[in-house]
Amino acid sequence: MLEALNPQPQDKILQLIAMFREDARTDKIDLGVGVYKDATGLTPVMRAIKAAEKKLWETETTKTYTGLAGEPAYNAAMVQLILGAGFADRAASIATPGGTGAIRQALELIRMANPAAKVWLSAPTWPNHPSIVKFLGMPMAEYRYFDVASSGIDFAGLMADLAGVAAGDAVLLHGCCHNPTGANLTPAQWDEVIALLQAKKAVPFVDLAYQGFGDGLDADAEATRKVAAAFPEVLIAASCSKNFGIYRERTGVLIALTSPERKAVVQGNLNFLNRQNYSFPPDHGARLVTMILEDAALTADWKAELEETRLNMLTLRQQLADELRKATNSDRFDFVAHHRGMFSRLGLTEAQVVRLREEAGIYMVGDSRINIAGLNAQTVPVLARAIAAVL
Ligand code: PLP
């Protein structure tokens, strides 16, 4: 049976990680993989997570199964963190293995409810989006998003493409910190997209993987909250991997907003999906998140550390934009300071990306996406000079 399997194409980022590891140069710089790193190159365990883990070790008396939807306290805390007050009576939710698990379950829910629904993805988007949609055999379409010339949003293209959305189609929107481009809709643009999708009777599907990494915890959830208030049905797949720094604990949540009358049926279907795929969702990370969000002192410390992280990335953005101005004698890269989140797409050619790797030991994804957090005050000018050298 297994002879029938074909080799899978290698994941580009994992390939890049392997190449970086094998590079013997001591001054090499990794801007590829999408994890936060501090100035020393470490992806730290956050202080509040450490404190919660200690308390959990001391107080946990059982590791018996949780509920199919996860612990109700976790789901409630996540609904509150993402949406604020006022949505509990419309929100069915399940804990999931990371944001990826939430995306997968959301897509399966869409397919169960409406197999004809097309899933609309931004061009470009996180490569796992189209990969999972294709794997599930769902109809898929793209909408223009990124304008290569300005490294900003192609808003006219986006609106023209989304005009083709049919009633019941699901439109995947990055809630904040667009991956891979770093370019985000303005509040006014969000309003226009919402009005168009309302007119089309679309189902918005928000991927929120970086809440707190862009403009702040509440600011980063603002678009999601607007969408939640504007539509009768919304799917939200959120991840705690980045903002709680618990990547390997696999902690996410899928929220399905519906009417209070339909909530029990939707919840039953979400529970069913968890049961079919893995029975019970992982608990450790979810429990730590709940402990933090239910304790005022831990919440305050987590918020302070997350804010430090966010401001560090903003400082690096400004430094890189300034250094690129100096190195290239142009404002071509000013957009780096205006982008938000961990990533920016620099607009370099594939050949330039290869030259940066081969000549300067600087590793980035082939589409010239860089992880801003892979930099520090010392490597920012090195990167700027290396980019100027390959232009
Ligand atoms: N969505 C986007 C856009 C992402 O970039 C990521 C992670 O890189 C995720 C979702 C899911 O992350 P995880 O499954 O690690 O929680």
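Here is a walk through the surface, the empty spaces and the salt bridges of this structure. Keep in mind that you are looking at a predicted model.

Let's start at the beginning of the chain, with Met1. This residue sits in the segment that comes before helix H1 (12-22). Buried or exposed, which one is Met1? Met1 has a relative accessible area of 78%, and the cut-off for exposed is over 50%, so Met1 counts as exposed. Met1 also has company: together with Leu2 and Leu5, Met1 makes up a nonpolar patch on the surface. The accessible area of these three residues adds up to about 410 Å².

Next, the empty spaces. How do you find them? Roll a probe the size of a water molecule over the atoms, and you see where empty space is left. The largest pocket has a volume of about 1,500 Å³. It is lined by 49 residues, and the closest to the centre of the pocket are Asp11, Ile13, Trp126, Pro127 and Asn128. Several elements give two or more residues to this lining: H1, helix H4 (98-113), helix H5 (128-135), strand E11 (343-345) and helix H13 (350-360). Which element gives the largest share of the lining of the largest pocket? That is H1, with 7 residues. Sort the pocket lining by class and you get 24 nonpolar, 15 polar and 10 charged residues.

Now for the cavity. The structure holds 1 cavity of 30 Å³ or more, and the volume of the largest cavity is about 30 Å³. You can pick out its lining in the model: Met78, Leu81, Ile82, Leu208, Gln211, Ala238, Ser239 and Asn243. Helix H3 (72-83) and strand E9 (234-239) each supply at least two of the lining residues, and the largest share, 3 residues, comes from H3. By class, this cavity lining has 5 nonpolar and 3 polar residues, with no charged ones.

That brings us to the charged side chains. How many salt bridges does the structure hold? There are 20 of them, and a few are worth finding for yourself.

Take Arg25 and Asp23 to begin with. They form a salt bridge in which the closest N and O atoms are 2.8 Å apart. Arg25 has 29% relative accessibility and counts as partly exposed, whereas Asp23 is buried at 11%, because buried means under 20%.

Then go back to helix H4, which you met at the pocket. Glu108 and Arg104 both lie in this helix, 4 residues apart, and that is about one turn of the helix. Their side chains meet in a salt bridge, at 2.7 Å from N to O. Glu108 is buried, with a relative accessible area of 10%, while Arg104, at 28%, is partly exposed.

A third pair, Asp367 and Arg345, forms a salt bridge with 2.6 Å between the closest N and O atoms. Asp367 lies in the loop between strand E12 (362-363) and strand E13 (369-371), and Arg345 lies in strand E11, so this pair ties together parts that are 22 residues apart in sequence. Asp367 is partly exposed, with a relative accessible area of 26%, and Arg345 counts as buried at 16%.

Finally, salt bridges can share partners. Arg47, Asp301 and Glu305 are joined into one network in this way.

Note on methods: Residues are numbered from 1 along each chain as its sequence is written. This is a predicted model: local features need pLDDT of at least 70, side-chain atom pairs count only at pLDDT 80 or more; totals for chains, interfaces and linings use all residues. Side-chain values use heavy atoms; hydrogens and water are left out. Patches are made of residues with over 30% relative accessible area and no salt bridge: like charges are joined within 9 Å, nonpolar side chains (Val, Leu, Ile, Met, Phe, Trp, Tyr) within 5 Å. Accessible areas come from the Shrake-Rupley method with a 1.4 Å probe; for residues, only the protein chains shown count as cover. A salt bridge is a side-chain nitrogen of Lys or Arg within 4 Å of a carboxyl oxygen of Asp or Glu. Buried means under 20% relative accessible area, exposed over 50%, partly exposed in between (1.4 Å probe, protein chains only). On a 1 Å grid over the protein atoms alone, a cavity is a set of points where a 1.4 Å probe fits but cannot get out, and a pocket is an open set with protein on both sides within 12 Å along at least five of seven lines; lining residues have an atom within 4 Å of a point. Grid points are joined across faces, edges and corners, and a volume is the space filled by probe spheres set on the points. Ala, Val, Leu, Ile, Met, Phe, Trp, Tyr, Cys and Pro count as nonpolar, Asp, Glu, Lys and Arg as charged, and the others, Gly among them, as polar.
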